[in-house]
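Work through the exercises below with the sequence and the 3D view side by side. Each task is followed by a solution that goes step by step.

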Amino acid sequence: MATLSCHLHLAIRRLPGNASRVRPSFSCSVQPSQSNIKVVINGAAKEIGRAAVIAVTKARGMEVAGAVDSYCVGEDIGKVCDMKEPLEIPIMNDLTMVLGSISQVTFRFQYLSKLTLTEHSPLIPYHFDLNEFSQSKETGVVIDFTQPSAVYDNVKQATAFGLKSVVYVPRIKADTISALSAFCEKASMGCLVAPTLSIGSILLQQAAIQASFHYNNVEIVESRAHATDLPSPDAVQIANNLSNLGQIYNREDLSTDVLARGQVLGEDGVRVHSMVLPGLPSSTTVYFSGPGEVYTIKHDITDVQCLMPGLLLAIRKVVRLKHLVYGLEKFL
């Protein structure tokens, strides 16, 4: 949908006799009306991608505009997500093609023409000159659920088409984050890199930071159903948050080599224990202890749906950014 706005200015000049000459100045502009945020989901066939398609479709103020994945290519993303009705959006394996298909053009034009009026000839054909043409794009966001090695190029492609990016890809290297930050700053384009989209996980991390100023002993215990990416990105993030706060933890056995004591992350003695058993929920528990007490913070994830409120928040916030922001917690 677009809104057409026109302005007509007439300058009438009297000529000898009964003739008049009219110089109209006629300008029009076509601007996109207030519309939904166009969301492209890169990694749409994954479990989290399918959940994102459903969440965006149900959310107010946004809509799925494209689906990218190397699986289920050509299939309707609505059917892949087991939705009641197809979305008429095929899964494509080319991000550039998807971005190009949703890129919108807005043009403005203004022309001046000469019009001569007489008693015998009230209207004489006139001409116009198209002298202004500009391009703009709909508000759009690319959600990246791909791989660390692809993130930088994906954000560059999205930026080339005027779309912001939300990146939820574990294990992104610090060098990639730095390069993305410099690129987004130069391009004045928003990007949100989220180590986690779980609001509960973020609240746990914030509570752990507050507790770390009051306790000298801390251990992180996590459980997962599958032995992949251990320690988990959540545990690593918590350990990083607790480090470099001027606190040394677990001084009594800081240098122990006993494997059963877990893995030390960082230089401040934060230990992580990872338990893997099929059927276990994804769980993270942080134990703090002091004289005569134990303080426990726990967060369980039972379904990928828990990430969707954070994702929708990220989409709504990133459209206003003109640089890179690391961490969804900046908006809580």
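**Exercise 1.** Find which residues asparagine 216 touches, not counting residues up to four places away in sequence, and decide whether asparagine 216 is buried, partly exposed or exposed.

*Solution.* In this predicted model, begin with the place of asparagine 216, which is in the loop between H6 and strand S11 (217-224). Next, leave out the residues up to four places away in sequence, and the residues touched by asparagine 216 are Gln247, Ile248, Tyr249, Asn250 and Ser289. Then take the last of these, serine 289, which is 73 residues away from asparagine 216 along the chain, although the two C-alpha atoms are separated by 7.0 Å. Finally, the relative accessible area of asparagine 216 is 47%, so this residue is partly exposed, given that the partly exposed class runs between 20% and 50%.

**Exercise 2.** Take arginine 271 and serine 274, and work out for each whether the residue is buried or partly exposed.

*Solution.* First locate the pair: arginine 271 is found in strand S13 (residues 270-276), and serine 274 lies in strand S13 as well. Arginine 271 has a relative accessibility of 1% and therefore counts as buried, because buried means under 20%. Serine 274, with a relative accessible area of 36%, is partly exposed.

Now turn to their contacts, leaving aside neighbours within four places in sequence. Those of arginine 271 include Val218, Glu219 and Ile220, as well as Asn250, Asp253 and Arg261. Serine 274 is in contact with Glu222, Leu230 and Pro231. As a last step, measure along the chain and through space: serine 274 and arginine 224 are 50 residues apart in sequence, while their C-alpha atoms are 7.6 Å apart.

**Exercise 3.** Check whether the end-to-end distance of helix H6 agrees or disagrees with the span expected from its 14 residues, and name the elements against which its buried residues pack.

*Solution.* Helix H6 covers residues 199-212, and at 1.5 Å a residue it should span 20 Å. The multiplication uses one less than the number of residues. The C-alpha atoms at the two ends of H6 are 20 Å apart, so the expected and the computed span agree. The buried residues of this helix are Ser201, Ile202, Leu204, Gln205, Ala208, Ala211 and Ser212, and they pack against H7, strand S14 (282-290) and strand S15 (293-301).

**Exercise 4.** Describe the largest pocket and the second largest pocket by their volumes, and say what lines each of them.

*Solution.* Start with the largest pocket, which holds about 920 Å³ of space. Its lining is made of 24 residues, and the closest to its centre are Tyr168, Arg224, Ser282, Ile301 and Leu307. Helix H1 (47-58) and helix H7 (233-242) each supply at least two residues of that lining, which by class divides into twelve nonpolar, seven polar and five charged residues.

Continue with the second largest pocket, whose volume is about 270 Å³. Among its 15 lining residues, those nearest the centre are Arg171, Ile172, Pro195, Gln237 and Tyr326. Helix H5 (174-187) and H7 each supply at least two residues here, and H7 gives the most, with four. The classes of this lining come to eleven nonpolar, two polar and two charged residues.

**Exercise 5.** Find the sign of phi in aspartate 82 and in arginine 171, and place each residue in its loop.

*Solution.* Aspartate 82 has a phi near 60°, which is a positive value in a residue other than glycine. Aspartate 82 lies in the loop between helix H2 (77-80) and strand S5 (91-92), and with a relative accessible area of 70% it is exposed. Arginine 171, also not a glycine, has a positive phi near 65°. Arginine 171 lies in the loop between strand S9 (164-167) and H5, and is partly exposed at 39% relative accessible area.

**Exercise 6.** How many disulfides does the structure hold, and why does cysteine 191 not form a bond with cysteine 184?

*Solution.* The count of disulfides is zero. For cysteine 191, the closest cysteine sulfur is that of cysteine 184, at 4.5 Å, and this is too far for a bond, because a disulfide needs sulfur atoms within 2.5 Å. Cysteine 191 is buried, with a relative accessible area of 0%, whereas cysteine 306 is partly exposed, at 29%.

Key:
Residues numbered from 1 in each chain as written. Predicted model: local features only at pLDDT ≥ 70, side-chain atom pairs only at ≥ 80, totals over all residues. Heavy atoms only, no water. Buried < 20%, exposed > 50% of the residue type's maximum accessible area, 1.4 Å probe, protein only. 1 Å grid on protein atoms, 1.4 Å probe; cavity = no way out; pocket = protein on both sides within 12 Å on 5 of 7 lines; lining within 4 Å. Points joined across faces, edges and corners; volume = space filled by probe spheres on them. Nonpolar A, V, L, I, M, F, W, Y, C, P; charged D, E, K, R; others polar. Contact = heavy atoms within 4.5 Å.
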